[in-house]
Amino acid sequence: MIIEQQGLFDEEEPQKQVENTTASIVSEMVQDIAFLPGVKIEEAYLDFHDVQMLKNKALGCKGCRLRETCKQVVFSTGNVNSKIIFVGEGPGSDEDEQGLPFVGRAGQLLNQILTAAEFKREEVYITNVVKCRPPGNRLPNPDEVKVCRNYLEAEIRIIQPQIIVCLGAMATQAVVDPRAKISQLRGKWLQRNGIKIMPTYHPAALLRNPNYKRPVWEDFKLIRDDYRALL
Ligand code: SF4
């Protein structure tokens, strides 16, 4: 079942967004609103049309306090022309060491799930909501997400995926709705602006709770089938 998301909400200025949408229809001069909830499109690196350029920008970023404690910015990995993007939460210690997302235990489990679902890791694009490791592997704070999600917005704009898989609650809240509950949304296709969105549990959650393995496998079978239909 697909749940169509009617437009985007803005947790700060919903009325302004409605006005902006109306203005864009009337004048055809106003740029599109952002894909991600709450993002201001003018802050999402509109001048960048290439993932590598965007990555270079991020590597020098000091946009929030996370850069003060991490070793390096961990941007993304995979195929920048992919029809599918996997979005995690943020780098952990292994990712911080190696400069690549999903290379620790959770990443190895993601690799196994991808392989079981007949994906090659190199054919998909994998990124995170925040690009720097939060200290002690804590959750990123809302103000850190607010700054860093502009990169994710730009990645989505540049890559133009047809499927976005949200790995975990935080990615789901960043992509779908800040109030979203992963337990309610996982396994359900959402759709916005022609892009299908599937929330599922983060691989790290499976390591903590093996009971999540079965539902995640069911989710990945849906993801696999819809992805294959695109090829
Ligand atoms: S987490 Fe994002 S916004 Fe913060 S410093 Fe790193 S790249 Fe910049």
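This report describes the fold, two helices, the ligand shell and selected residues of a predicted model.

**Overall architecture and confidence**

The chain folds into 10 helices and 7 strands. Of its 231 residues, 42% are buried. Contacts that span long separations in sequence are prominent: among those between residues at least 6 apart in sequence, 71% join residues at least 24 apart.

The mean pLDDT of the chain is 90, with 87% of the residues at 70 or more. Residues 4-30 fall below a pLDDT of 50, and this stretch has 24 contacts in the model beyond near neighbours in sequence. Where pLDDT is low, predicted coordinates should not be read in detail.

**Helix α10**

Helix α10 covers residues 213-230. At 1.5 Å a residue, its 18 residues should span 26 Å, and the end C-alpha atoms are indeed 26 Å apart, so expectation and model agree. The buried residues of this helix are Val216, Asp219, Phe220, Ile223 and Tyr227. They occupy an arc of only 100° around the axis, which places them on the same side of α10. The background is a general property of the α-helix: with 3.6 residues a turn, residues three or four places apart point the same way.

The face of α10 turned away from this buried side carries exposed residues, namely Arg214, Asp225, Arg228 and Ala229. On the buried side, the packing partners comprise three strands and two helices by name: β3 (84-88), β5 (163-167) and β7 (195-200), together with α5 (105-116) and α9 (203-208).

**Helix α2 and Lys55**

Helix α2, residues 51-59, has Val51, Leu54 and Ala58 as its buried residues. Viewed down the helix axis, these residues fall within an arc of 60°, so they line one face of α2. The exposed residues Gln52 and Asn56 sit on the face turned away from the buried side. Helix α6 is included in what covers the buried residues of α2.

Lys55 also belongs to helix α2. Which burial class does Lys55 fall into, given its C-beta neighbours inside 10 Å? There are 17 such neighbours, and a residue is buried only from 20 upwards and exposed at 12 or fewer, so Lys55 counts as partly exposed. Not counting residues up to four places away in sequence, Lys55 touches Phe75 and Ser76. In the same part of the sequence, Val73 lies 18 residues from Lys55 and 9.2 Å away in space, C-alpha to C-alpha.

**The ligand shell, helix α6 and Val147**

The ligand is surrounded by 14 residues, of which Cys61, Gly63, Cys64, Cys132 and Cys148 are the closest. By class, this shell has 9 nonpolar, 1 polar and 4 charged residues. Helices α3 (66-69) and α6 (142-159) each supply at least two residues of the shell. The largest share, 3 residues, comes from α6.

Val147 lies in helix α6. Leaving aside neighbours within four places in sequence, Val147 is in contact with Gly63 and Cys64, both of which are listed among the residues closest to the ligand. Val147 counts as partly exposed, with 16 C-beta neighbours inside 10 Å. Val39 is 108 residues from Val147 in sequence, yet their C-alpha atoms are 9.0 Å apart.

**Two asparagines with positive phi**

Asn137 and Asn193 are both loop residues, Asn137 between β4 and α6 and Asn193 between β6 and β7. Each has a positive phi although neither is a glycine. The table sets out their values.

| Residue | Phi | Loop | C-beta atoms within 10 Å | Exposure |
|---|---|---|---|---|
| Asn137 | about 60° | β4 (125-128) to α6 | 13 | partly exposed |
| Asn193 | about 50° | β6 (189-192) to β7 | 11 | exposed |

The exposure classes follow from the neighbour counts: a residue is exposed at 12 or fewer and partly exposed above that but below 20. Asn193, with 11 neighbours, therefore counts as exposed, whereas Asn137, with 13, is partly exposed.

Note on methods:
Residues are numbered from 1 along each chain as its sequence is written. This is a predicted model: local features need pLDDT of at least 70, side-chain atom pairs count only at pLDDT 80 or more; totals for chains, interfaces and linings use all residues. Helices (H or I, at least four residues) and strands (E, at least two) are DSSP runs, numbered from the N terminus. The expected span of a helix is 1.5 Å times one less than its number of residues. The arc is that of the directions from the helix axis to the C-beta atoms. Two residues are in contact if their C-beta atoms, placed from the backbone, lie within 7 Å. A residue is near a molecule or strand if its C-beta atom, placed from the backbone, lies within 6 Å of it. Ala, Val, Leu, Ile, Met, Phe, Trp, Tyr, Cys and Pro count as nonpolar, Asp, Glu, Lys and Arg as charged, and the others, Gly among them, as polar. pLDDT is the predictor's confidence in each residue, from 0 to 100.
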